[in-house]
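Trainee: I have a model open and some questions about it. Can we work through them one at a time?

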Amino acid sequence: MSETSSDDRCPIAILISGRGSNMRALIDACAAPDFPARIVMVLSNKPEAAGLDVARAAGLRAEAIDHRAFGKDRAAHERAVDAMLREAGVELVCLAGYMRLLTPFLTESWAGRMLNIHPSLLPAFPGLHTHERALEAGVKLHGCTVHLVTEVMDDGPILGQAAVPVHAGDTPENLAARVLEQEHRLYPAALRRLLRPETSPSAEDGGSLLVV
């Protein structure tokens with residue numbers, strides 16, 4: 001049996017705004033020849049984003065379209081992003097710390113083909129400061145969610161979740177670190193299942209539930 005060639009794999013783009021830690025997990029996953037996606041572009045709204053250098057070091061095309069050049073015209077910025085994605089032949093987009101509120105233009109243009117990872121067990125704690133809010137609420141489980149992107153922030157169909165227990169004495173920082181470890185496992189697993197569901201069983205190990 002021959003290995004899956006790069007031409008057979010889904011061409012994806014990763015959108016980042018910062019260091020791109022989840023981007024690194026996706027880069028590592030896509031390096032495997034049997035992974036069903038290949039990265040054709042990493043794109044940021046900030047030219048100074050540290051993740052762009054990481055992408056270039058991995059031999060990937062890395063681009064920036066600075067949102068600040070468009071002022072308050074979000075749609076114009078998104079039209080430029082959309083044009084670059086299409087020029088690169090992208091078929092699926094993974095948001096990985098892309099800190100922009102998207103307009104209906106981009107969410108509708110990529111409906112069913114844009115993923116995001118969020119640091120909570122949605123529908124709990126959409127938006128920012130999820131770890132602080134989880135601790136304030138006294139929840140026993142916290143975690144992360146991969147979902148399809150829709151017009152409503154953090155509200156799209158859930159593709160997978162990973163949970164971690166919340167311990168007495170947890171701080172937002174150490175809780176965030178434990179969740180981030182699961183994010184790096186969950187995002188590639190959820191992407192694989194979306195593209196090739198027959199090869200991606202659910203798993204449970206190490207006290208952390210992975211539902212994909």
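Trainee: Is helix 1 mostly covered or mostly open, and how many of its residues are buried?

Mentor: Keep in mind that this model is predicted. Helix 1 spans residues 21–30, which makes 10 residues. Buried means under 20% relative accessible area. The helix is mostly covered, and the buried count is 8 of 10.

Trainee: Which residues of helix 1 are buried?

Mentor: Start at the front of the helix, where Ser21, Asn22 and Met23 are buried. Further along come Ala25, Leu26 and Ile27. The list ends with Ala29 and Cys30.

Trainee: What do the buried residues of helix 1 pack against?

Mentor: Look for both strands and helices. The strands are strand 1 (10–16), strand 2 (37–44), strand 4 (92–95) and strand 5 (114–118). The helix partners are helix 2 (50–57) and helix 6 (172–195).

Trainee: Which residues does the UniProt domain annotation cover, and how far apart are the end C-alpha atoms of that stretch?

Mentor: The unreviewed UniProt entry carries the annotation "domain: Formyl transferase N-terminal" for residues 12–191. Over residues 12–191 the chain is 37% helix and 23% strand. The end C-alpha atoms are 10 Å apart.

Trainee: How many cavities of 30 Å³ or more are there, and how much space lies in the largest cavity?

Mentor: The count at that cut-off is 1 cavity. The space in the largest cavity is about 40 Å³.

Trainee: Which helix gives the most to the lining of the largest cavity?

Mentor: The lining includes Arg74, His77, Glu78 and Val81. By class, it has 5 nonpolar, 1 polar and 3 charged residues. The top contributor gives 4 residues: helix 3 (residues 74–87).

Note on methods. Residues numbered from 1 in each chain as written. Predicted model: local features only at pLDDT ≥ 70, side-chain atom pairs only at ≥ 80, totals over all residues. Heavy atoms only, no water. 1 Å grid on protein atoms, 1.4 Å probe; cavity = no way out; pocket = protein on both sides within 12 Å on 5 of 7 lines; lining within 4 Å. Points joined across faces, edges and corners; volume = space filled by probe spheres on them. Helix = DSSP H or I, 4+ residues; strand = E, 2+ residues; numbered from the N terminus. Nonpolar A, V, L, I, M, F, W, Y, C, P; charged D, E, K, R; others polar. UniProt positions renumbered as here; feature names shortened; annotations may be inferred. Buried < 20%, exposed > 50% of the residue type's maximum accessible area, 1.4 Å probe, protein only. Contact = heavy atoms within 4.5 Å.
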